[in-house]
2 protein chains.
Amino acid sequence: MDVAGIATPALLVDLDAMEFNLREMADFFAHKPCKLRPHFKNHKVPLLAWKQLRAGATGITCATLREAEILVHHGVENILIANEIAGDSKAQYLAELSRCASVVVAVDNCSSIKDLARAQRNGKSQIAVVVDIDIGLGRCGVRPGEEALQLAKCAAGEGLRVRGLMGYDGHLQVLPASLERDELVRRGSESLVRSAALIQAEGIPVSIVSTGGTGTYAVSGEYAGITDIQAGSYLLMDTLYVERGSCFRRSLTVLATIISMNRDGHAVVDCGVKEISGERGLSAVKNMPDVHLTALHAEHGLLELQGDLKSTLKIGDRIELWVRYSDATVSLHSSMYGVRHGQIETVFQIEH
Amino acid sequence: MDVAGIATPALLVDLDAMEFNLREMADFFAHKPCKLRPHFKNHKVPLLAWKQLRAGATGITCATLREAEILVHHGVENILIANEIAGDSKAQYLAELSRCASVVVAVDNCSSIKDLARAQRNGKSQIAVVVDIDIGLGRCGVRPGEEALQLAKCAAGEGLRVRGLMGYDGHLQVLPASLERDELVRRGSESLVRSAALIQAEGIPVSIVSTGGTGTYAVSGEYAGITDIQAGSYLLMDTLYVERGSCFRRSLTVLATIISMNRDGHAVVDCGVKEISGERGLSAVKNMPDVHLTALHAEHGLLELQGDLKSTLKIGDRIELWVRYSDATVSLHSSMYGVRHGQIETVFQIEH
């Protein structure tokens, strides 16, 4: 079907660009000891997770227990929940999932470890964890070194299977590439690798040392001792990363229709914050440098038209908005049209 | 079931507050010539639309053809799409819907009118429209007066049923109440009523003159000639409206769990922009003045704890975040738990 045939607003992915990104990242990791463990939170499409696995990924990373559940239901066998979960019910459900697949969850406190240990006993399944280390983001995670070691001991002491550790350098992902940035990335990797050595020295085997993302994989993916990289955005890409000089191509847009043209050279499209996230700024318009998105309301986007466009664009014409924040935009949709050369080749189901 | 039993993050509505808002707004319109035509875009829950109809609403307003479809499927018979639609396919689908219910759509240009007229001929059903007038928002709509009249004539000439007109004063909704603001609201209403008179004088009967919202209903709802008010937010309410002195009560929160506590007196909850909109600023925490949301990531919210809370709050504890932008937040969820005195009394399905 031609793209012209679908109703707007609609989420589109350019298949050529997406496949380029898939190959580019797979090539980077093809002959390295470090592997890619792509993040599911970005696209939430099981079929894309499987494309990533077939391209060489060592497993899939996700952000929530619900995402782990979706992955298990879609046959993914090697899952890292790169995030903490809290409370007995979630721990119990994790124990259930752990009977179906290898699911590893991040921990950063003894209280959750005790919940997981209790669920493990009740569920009669082995729960696996990685110690989450704060390497500068200032969100979750313990300090590297002694604090990480103590938490690993706490988890092992409670009978959980400690698989290693992780630390996410989210604060470095969208910094422009520079020697200073790369040095900060290396320091984060170094503190993870050192903490891993400390934990190993206490007789706890470490097989996972996970970090990195789309902005930093090229540095941390080369660092000796890092076993896998949690990059997610590389596949669909955000404008923000592209502005910082990423080698990946933007593939994600929201297709919108002009529903109103006003006398001052403004147009209105049928796409607002319910269809495209404005949380990281306003989108650019694909292939139309003279059209600027100036505001997003709930269901409307306001466009400023320059030059000849004021007279040539008309009601019913369609534009594509580049997605600045793919994570938050994909979450707003239940499907994503895969487009090649103007034709819809497939429709990806986004799972929630 | 106790609220403690549900998994987080979860969208909650306080039923006492919501029912207060329902009654308060219904009481305002109970003995007025002007009626309430509540906006569905805010809650997207057919059951709540029906509660609003039973409380006296004259029909339901919505923002998209998809919402009109949902309303028709749920038996609502009197629907206003207070927005433009563009293109043949949507016009044709509107013609189909118009065979099942009274659906009125806004128009602000002759091109869309011709699409609608063609669809009307093909669908063998009567399509009804209101002329959309820009009363200052600067989004969709024609100028009041002559331009509105010409468009009404164009629609009538094409054989569409012209029901009247509308104009949304979105730019005035969240201004603090003041005499100046009220005067601007009245001027908007005045230009609608005058345009209606012009159109009537040309022999086109006007039965709908629709405007207003949660911030302005009390002024435009009293203005002679305004037939109905499109308020939506009043039922669930946004923090932003409350800050501006609204009489309605906030009823909507997102329930979240503390999944991590760090050494600096920060806590992390399992709720980010995928669960609560940050597009209009960061939420306050319900009943906890010493806890402040300082950032929203995709799946995480960062809290700053003050005073004793640093030692008393712990992993697994739950907080509720007030919703600042209910439209965009409801859109992120598929269900909303109706809560009274800590118990879940019902679960509302949100339709997308």
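## Symmetry of the two chains

A turn of 180 degrees, with a shift of 0.0 Å along the axis, lays chain A on chain B with an RMSD of 0.0 Å. That relation is a two-fold axis. The model is a predicted one.

The interface follows suit. Of the interface residues of chain A, 100% are also interface residues in chain B. The copies therefore meet through the same surface.

## The cavity

How many cavities of 30 Å³ or more does a search of the whole structure find? The search finds one. The largest cavity has a volume of about 90 Å³.

Residues of chain A and chain B line this cavity. From chain A come Val273(A), Ser277(A), Glu279(A), Ala328(A) and Leu332(A). From chain B come Val273(B), Ser277(B), Glu279(B), Ala328(B) and Leu332(B). By class, the lining divides into six nonpolar, two polar and two charged residues.

## The second largest pocket

The second largest pocket has a volume of about 750 Å³. Its lining holds 39 residues. The closest to the pocket centre are Lys41(A), Arg139(A), Tyr168(A), Gly170(A) and Arg280(A).

What is the make-up of the lining of this pocket? The residues divide into 15 nonpolar, 14 polar and ten charged.

## Asp228(A)

Asp228(A) belongs to strand β9 of chain A, which spans residues 228-229. Is Asp228(A) buried or exposed? Its relative accessible area is 2%. The cut-off for buried is under 20%, so Asp228(A) counts as buried.

The side chain of Asp228(A) makes a polar contact with the side chain of Ser210(A), at 2.7 Å. Ser210(A) is also one of the residues that Asp228(A) touches, when residues up to four places away in sequence are not counted. Ile208(A), Val209(A) and Thr211(A) are touched as well. So are Cys34(A), Lys35(A), Arg37(A) and Thr58(A).

## Ser111(B)

Ser111(B) sits in helix α5 of chain B, residues 110-123. The relative accessible area of Ser111(B) is 36%. Partly exposed covers the range between under 20% and over 50%, so Ser111(B) is partly exposed.

How far apart are the C-alpha atoms of Ser111(B) and Ser125(B)? They are separated by 19 Å. Along the chain, Ser111(B) and Ser125(B) are 14 residues apart.

Conventions: Residues numbered from 1 in each chain as written. Chains lettered and ligands numbered in written order. Predicted model: local features only at pLDDT ≥ 70, side-chain atom pairs only at ≥ 80, totals over all residues. Heavy atoms only, no water. 1 Å grid on protein atoms, 1.4 Å probe; cavity = no way out; pocket = protein on both sides within 12 Å on 5 of 7 lines; lining within 4 Å. Points joined across faces, edges and corners; volume = space filled by probe spheres on them. Nonpolar A, V, L, I, M, F, W, Y, C, P; charged D, E, K, R; others polar. Helix = DSSP H or I, 4+ residues; strand = E, 2+ residues; numbered from the N terminus. Buried < 20%, exposed > 50% of the residue type's maximum accessible area, 1.4 Å probe, protein only. Polar contact = N/O pair within 3.5 Å; in protein donor to acceptor, adjacent residues only side chain to side chain. Contact = heavy atoms within 4.5 Å. Least-squares fit on C-alpha atoms with pLDDT ≥ 70 in both.
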